[in-house]
Amino acid sequence: MSAQSNIVIEIKKLKREKNAIILGHNYMDYGVQLVSDFTGDSYDLAVKAMKTNAKMIVFAGVYFMAEQAAALNPDKKVLSPDPNAGCSLSDSLDVDTLKKYKEIYPDAPVVLYINTSIYTKALADYIVTSSTAVKVVSKLDAKNIIFGPDANLANYVERKTGKKLIKVPPNGRCIVHANYTKQLVSIARKKYPNALLMAHPESPLEILEAADFVGSTNQMIKFAKESPNKEFIVATELGMINALKIQVPDKVFYPLVTTEACGCARCPYMAMITLEKIKRSLEEEVYEVKVPKDVAEKAKEAFERTIKILGDNK
Ligand code: 13P
Ligand code: SF4
């Protein structure tokens, strides 16, 4: 038996013993997705955490995702296999910067992308995902709207809603998606003439304008399943190909950027979550994600306000 199958067996045994589940983000390694009880995008997984009866949740994703699951589920033990698994977007916005913007524009609603720390989320009015940002902003009747930290997503929302946003910080970027260019798209289009291009809204506007479909990681899975097309070019982090292969096995997926072409294809933070660390997390019950009660409550209020404004339009 291989070392990989041994570790999978041990993880499954530990899950049963500890009454634990693993929530895995769509960008995780293939093996991590296979041991996960649920896979999904950042928001979907936090909601899944609310519905489980398990006592313990190991969050196989980057830290802001685990933090958000912990804030929404104060009664459960949420573990991060590696709390150093950050996110360039989340790291680009701190509480003091956001407070300064709020002072300059006291009447402006604050709309934050889910890729932020729980401490900044606690200062927000709305928490959006790549699938809900356009819908939420289009419903806000305000002269000024503070939006952060992803400038690419902000540009996309501006284009879709016709509204001008105050970007905080002005230039927040995902270190993976920021590398996508029109040139890469034309190379891929020539190589795969029958494929449709799916792009994540963290990509630059020129990619989004060239794409056949723009959406969150979960929305890409849905689009690929429902489309009559058989082949897809995927403009998002490389791990997404694992989720697509597992969930849409009858279709073919080509990453826009491969590891051979660029060291930027794989998110270095997502790659930090390994089967070995998940096993240790379950064995030693580390690292518990703790969010102060007042912070968690404020962030949760912003989530609930967002769900309310979206109504049936999620
Ligand atoms: P999703 O919420 O669409 O899964 O995206 C999270 C992320 O980090 C994208 O880079
Ligand atoms: Fe953050 Fe980009 Fe990695 Fe997603 S892919 S976790 S946005 S750095």
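## Two ligands in a predicted model

A residue counts as near a molecule if one of its heavy atoms lies within 4 Å of it. With that cut-off in hand, let's walk through this predicted model, starting with ligand 2. Its neighbours are Tyr-27, Val-62, Cys-87, Ser-88, Leu-89, Asn-115, Cys-174, Val-176, Glu-202, Cys-267, Tyr-269 and Met-270.

## The setting of ligand 2

Sorted by class, the shell around ligand 2 holds 9 nonpolar, 2 polar and 1 charged residues. Domain 1 (3–86 + 270–290) and domain 2 (89–175) each supply at least three residues to the shell of ligand 2. As for where ligand 2 sits, the space it takes is the largest cavity.

## The setting of ligand 1

Ligand 1 also sits in the largest cavity. Around ligand 1 you will find His-25, Tyr-27, Asp-41, Ser-42, Asn-115, Ser-130, His-177, His-200, Glu-202, Ser-216 and Thr-217. This shell divides into 1 nonpolar, 8 polar and 2 charged residues. Domain 1 (3–86 + 270–290) and domain 3 (177–265) each give at least three residues to the shell of ligand 1.

Tyr-27, Asn-115 and Glu-202 appear in the list for ligand 1, and these three names appear in the list for ligand 2 as well.

## Polar contacts and burial of ligand 1

If you like to look at distances, three side chains are worth a visit. His-25 has a side-chain N or O atom 2.7 Å from an oxygen atom of ligand 1. For Glu-202, a polar side-chain atom is 2.8 Å from an oxygen atom of ligand 1, and for Asn-115 the corresponding distance is 3.2 Å. On its own, ligand 1 exposes 300 Å², and the protein buries 96% of that area.

## How the chain is divided

Stepping back to the whole chain, the assignment gives three parts: domain 1 (3–86 + 270–290), domain 2 (89–175) and domain 3 (177–265). Domain 1 is written as two segments, 3–86 and 270–290.

Domain 2 and domain 3 have C-alpha centres 25 Å apart. Between these two domains, 14 residues of domain 2 are in contact with 15 residues of domain 3.

Technical notes: Residues are numbered from 1 along each chain as its sequence is written. Chains are lettered from A and ligands numbered from 1 in the order in which they are written. This is a predicted model: local features need pLDDT of at least 70, side-chain atom pairs count only at pLDDT 80 or more; totals for chains, interfaces and linings use all residues. Side-chain values use heavy atoms; hydrogens and water are left out. A polar contact is a pair of N or O atoms within 3.5 Å; within protein, one must be able to donate a hydrogen and the other to accept it, and residues adjacent in sequence count only if both atoms are side-chain atoms. Accessible areas come from the Shrake-Rupley method with a 1.4 Å probe; for residues, only the protein chains shown count as cover. On a 1 Å grid over the protein atoms alone, a cavity is a set of points where a 1.4 Å probe fits but cannot get out, and a pocket is an open set with protein on both sides within 12 Å along at least five of seven lines; lining residues have an atom within 4 Å of a point. A molecule sits in a cavity or pocket if more than half of its atoms lie within 2 Å of its grid points. Ala, Val, Leu, Ile, Met, Phe, Trp, Tyr, Cys and Pro count as nonpolar, Asp, Glu, Lys and Arg as charged, and the others, Gly among them, as polar. Domain bounds come from an automatic or database domain assignment. Contact means heavy atoms within 4.5 Å.
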